[in-house]
Amino acid sequence: MSFDVAMTLQRGSLRMHYEFTAGPGLTALFGPSGAGKTSLLDAVAGLVRPVEGHIAVAGATLFDRARKIDLKPEKRRCGYVFQDHRLFPHRSVRRNLLYGWRLVRPEERWLSIDITLDLLGIRHLLDRMPATLSGGEAQRVAIGRALLSAPRFLLMDEPLASVDASRREEILSLIERIRDELKLPILYVSHDRGEVERLAQQIVPIEPASATA
Ligand SMILES: Nc1ncnc2c1ncn2[C@@H]1O[C@H](COP(=O)(O)OP(=O)(O)OP(=O)(O)O)[C@@H](O)[C@H]1O
């Protein structure tokens, strides 16, 4: 089992309940704006604490309210790719890529810098600053930074949102390679049904939450 989630989040007056299990490959979270897709990724990453329930990924329990388990974000071994890439603006591409790499113990690393640069086609960008990159280049670097942090799984929140149409295909096939060659479980958020149908082994519908009094 890649993902085993049964939990409730409270955000403001909204109470959102999630319950699904997913096998290997890419699991897409599909639902309207405001339904709670990003909140779910944030909870899996450990950035938002559920009010109840459990979250397990690839056999490891990350959160379990009843068993008082709540791993810190940095212990969850999760690579998070945001829609707006969130590269450090004052650091070169090289230093962005090395950021997560340096935080990981050498024996936990499973991907070399060389392989990552070739997989993502970003070797020629190493000395550039993020502000000089196109949307597609910046997103490839952001994916590289996530992979080099030696994650056990990836969270991707609309990774194509800031990528122009001509570069979409490139990033889509890159995500397919990460899914198939690196065999990382991926939780993937998108509004685009075509994208989801192409990439996903499993689609989890996320319904809009109901407000609680
Ligand atoms: N910190 C917060 N405090 C209160 N409410 C919040 C907070 N963060 C999110 N929400 C609310 O929780 C709901 C779910 O938000 P979330 O960003 O998870 O939705 P989403 O499905 O990812 O939306 P989108 O597709 O537009 O990105 C929204 O109604 C949002 O307004």
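This report covers the overall fold, one sheet, the ligand shell and two backbone outliers.

The model is predicted; local features need pLDDT of at least 70, side-chain atom pairs count only at pLDDT 80 or more, and totals for chains, interfaces and linings use all residues. Residue numbers start from 1 along each chain as its sequence is written.

**Overall fold**

The chain holds six helices and 11 strands. These are DSSP runs numbered from the N terminus: helices are H or I with at least four residues, strands are E with at least two. The C-alpha trace spans about 55 × 40 × 30 Å along its principal axes. For 213 residues, a compact globule would have a radius of gyration near 17 Å, and the chain agrees with 17 Å. That radius is taken over C-alpha atoms, and the globule rule is 2.2 Å times the number of residues to the power 0.38.

Of the 213 residues, 35% count as buried. Buried means 20 or more other C-beta atoms within 10 Å of the residue's own, exposed means 12 or fewer, and partly exposed lies in between, with C-beta atoms placed from the backbone. Among contacts between residues at least 6 apart in sequence, 74% join residues at least 24 apart. A contact needs C-beta atoms, placed from the backbone, within 7 Å.

**The sheet**

Five strands form an open sheet in the order β7-β8-β9-β3-β10, with parallel pairing. Its edge strands are β7 (78–81) and β10 (202–205), each paired on one side only. Pairing requires at least two DSSP bridges between strands. From one strand to the next, the twist averages 20 degrees. Axes are lines fitted to C-alpha atoms, for helices over the stretch in contact; angles run from 0 to 180 degrees between N-to-C directions.

Strands β8 (residues 153–157) and β9 (residues 186–190) pair in the parallel sense over four bridges. Here L154 stands opposite I186 in β9. Helix α4 (residues 135–148) packs on the sheet and touches β7 and β8. The direction of α4 makes about 170 degrees with that of β7.

**Ligand shell**

Residues around the ligand include R11, G12, L14, K37, T38 and S39. A shell residue has its C-beta atom, placed from the backbone, within 6 Å of the ligand. Helix α1 (residues 37–45) gives the largest share, three residues.

**Positive phi**

Two non-glycine residues have positive phi.

| Residue | Phi | Loop | Other C-beta atoms within 10 Å |
|---|---|---|---|
| K68 | about 55 degrees | β5 (60–64) to β6 (69–70) | 7, exposed |
| R86 | about 50 degrees | β7 to α2 (93–103) | 14, partly exposed |

Key:
Two residues are in contact if their C-beta atoms, placed from the backbone, lie within 7 Å.
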